[in-house]
Amino acid sequence: MNVRQKTIKQEISASGVGLHTGANVTLTFCPAPENHGFKFQRIDLDGHPIIEADADNVTDTSRGTTLTQNGASVSTVEHVMASLVGMDLDNILIKLDGPETPIMDGSSIQFVDLLEEVGTVEQNADREYFTIPHNITYTEEDRKVEIVAMPLDDYRFTCMIDYNSPVLGSQHAGINTIAEFKKEIASCRTFCFLHELEYQLSHNLIKGGDLNNAIVIVDKEVTKDELSHLAKLFNRKDIDVAPQGILNNMELRYQNEPARHKLLDMIGDLALVGMHLKGHIMAARPGHAANVAFAKKIKAAIKKEKNKKVQKVYDPSAKPLYDVVQIMDILPHRQPFLFVDKILELSKNHVVGVKNVTMNEEFFKGHFPGAPVFPGVIQIEAMAQVGGILVLSTVPDPRNYLTYFLKIDNVRFRAQVLPGDTIVFRCDLLEPIRRGIAQMKGVGMVGEKIVVEAEMMAQISKVKQAEPAQ
């Protein structure tokens, strides 16, 4: 049974300080339309720029995950992203009036509570999952990082951390399904070692840091004077070391809370893949840099699998969705420059069209007349026209629009196309159309054989109507 996409019923906000910037910030979760995905918006900046929650937009992972796009950045996004995945959502716009998400209590639980309070609504579009097709691995030998994603018809996590700390030791955490996120993971807070805290304080790196939003692990001998100094910095009457080896400002919610928090970070960072995943993720010593690098490997696997799906064999004699007369109602092209004879399939994300190659084509008079071959440039033009049908199908009045191709990449001609051949072109959107820009992967097949493929970028533009004579 297909799962429908979800968003929230109405806007809801949370306010706090950014861990690293110390800036007061209000974050607002907003409902978003189908196929919108997760996006941040900096409403404090001119133009209110949008930043897509995408691994390709990550620009820093040194002290959290930072996204940058359209001249704007938002940092420490991982706890927010984990809450969205953990609450089984698809389409949310996150508005911020500052450069960093609020740290809250150092976990995701307050975001989860807000999302649960406002409630969710099911949308009409089906959710798309990426099921891990085979083991996908990532390693960093110097840091002893190992991450693997394995096929599974669910979303399961297993995480191990080991910092060579006698206090922390080696810890493990796991969930069998993402549905366990709220109960087992969401409330687990970020942590740091005392020596890291002292360094960051001395370099003014955690302006919003407070002993209420992080577990501090004491990994060295500490004098009374040092504890008194820390107490003064954090406006505390006194601070001591608890038997568990942490500062006694708080109690652990779980014995393995640090490992559970690392798992939380992984869920948030892997949300930057941009699709719901099905698979078992196992990680040893993960961190933000490794998580994001692994997310990019999964994105590459998604792209590869999408390319495989393109290679379906179609019956060019099947009853068309659009015949050539109907095609001319959509495309402005006419003979001898109309290179689409039929449209077999059309959805929001893909189109399949047919070009019958005959010896009567005008260009065969001059293109290798003694050994006629369908020109490669015209194959690309035919593919582009098929893609144009897909792009123009997104507007209510396609006759008033044109598609201009901005870029063509990774073109491959794999076999000759001869008179008498029938090329079936399939074009798939590589990502949702944004601001009239469409990016597509096109493949042309004769029978079961791929003859041409390319990646295309096109812009849809409204035709300017001529002003009436005065």
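A residue counts as buried here when under 20% of its relative accessible area is left. By that cut-off, helix H1 (residues 78–86) in this predicted model is mostly covered, with nine of its nine residues buried. The buried set takes in Glu-78, His-79 and Ser-83 along with Val-80, Met-81, Ala-82, Leu-84, Val-85 and Gly-86. Just past the end of H1 comes Asp-88, whose phi is positive, at about 65 degrees.

Then there is the packing of nonpolar side chains. In soluble globular proteins, such side chains tend to be buried together. Here the largest nonpolar core runs to 77 residues, and Phe-29 and Phe-40 make the most contacts inside it. Helix H7 (residues 288–310) chips in seven residues, the largest share of this core. Domain 1 (4–187 + 258–305) and domain 2 (191–252) both give residues to this core, so it lies between them. Another core sits apart from that one; it has 38 residues, including Phe-363, Ile-389, Cys-427 and Met-440.

As for strands, S6, S7 and S8 line up in that order in an open, three-stranded sheet with antiparallel pairing. Strand S6 (58–60) and strand S8 (72–74) are the edges, each pairing on one side only. On average, neighbouring strands of this sheet are turned by 40 degrees against each other, direction ignored. Between S6 and strand S7 (residues 66–69), the antiparallel pairing runs over two bridges. Val-58 is found opposite Leu-67 of S7.

Notes. Residues are numbered from 1 along each chain as its sequence is written. This is a predicted model: local features need pLDDT of at least 70, side-chain atom pairs count only at pLDDT 80 or more; totals for chains, interfaces and linings use all residues. Side-chain values use heavy atoms; hydrogens and water are left out. A nonpolar core is a set of buried Ala, Val, Leu, Ile, Met, Phe, Trp, Tyr and Cys residues joined through side-chain atoms within 4.5 Å. Buried means under 20% relative accessible area, exposed over 50%, partly exposed in between (1.4 Å probe, protein chains only). Helices (H or I, at least four residues) and strands (E, at least two) are DSSP runs, numbered from the N terminus. Domain bounds come from an automatic or database domain assignment. Two strands pair if DSSP finds at least two bridges between them. Axes are lines fitted to C-alpha atoms, for helices over the stretch in contact, and angles run from 0 to 180 degrees between N-to-C directions.
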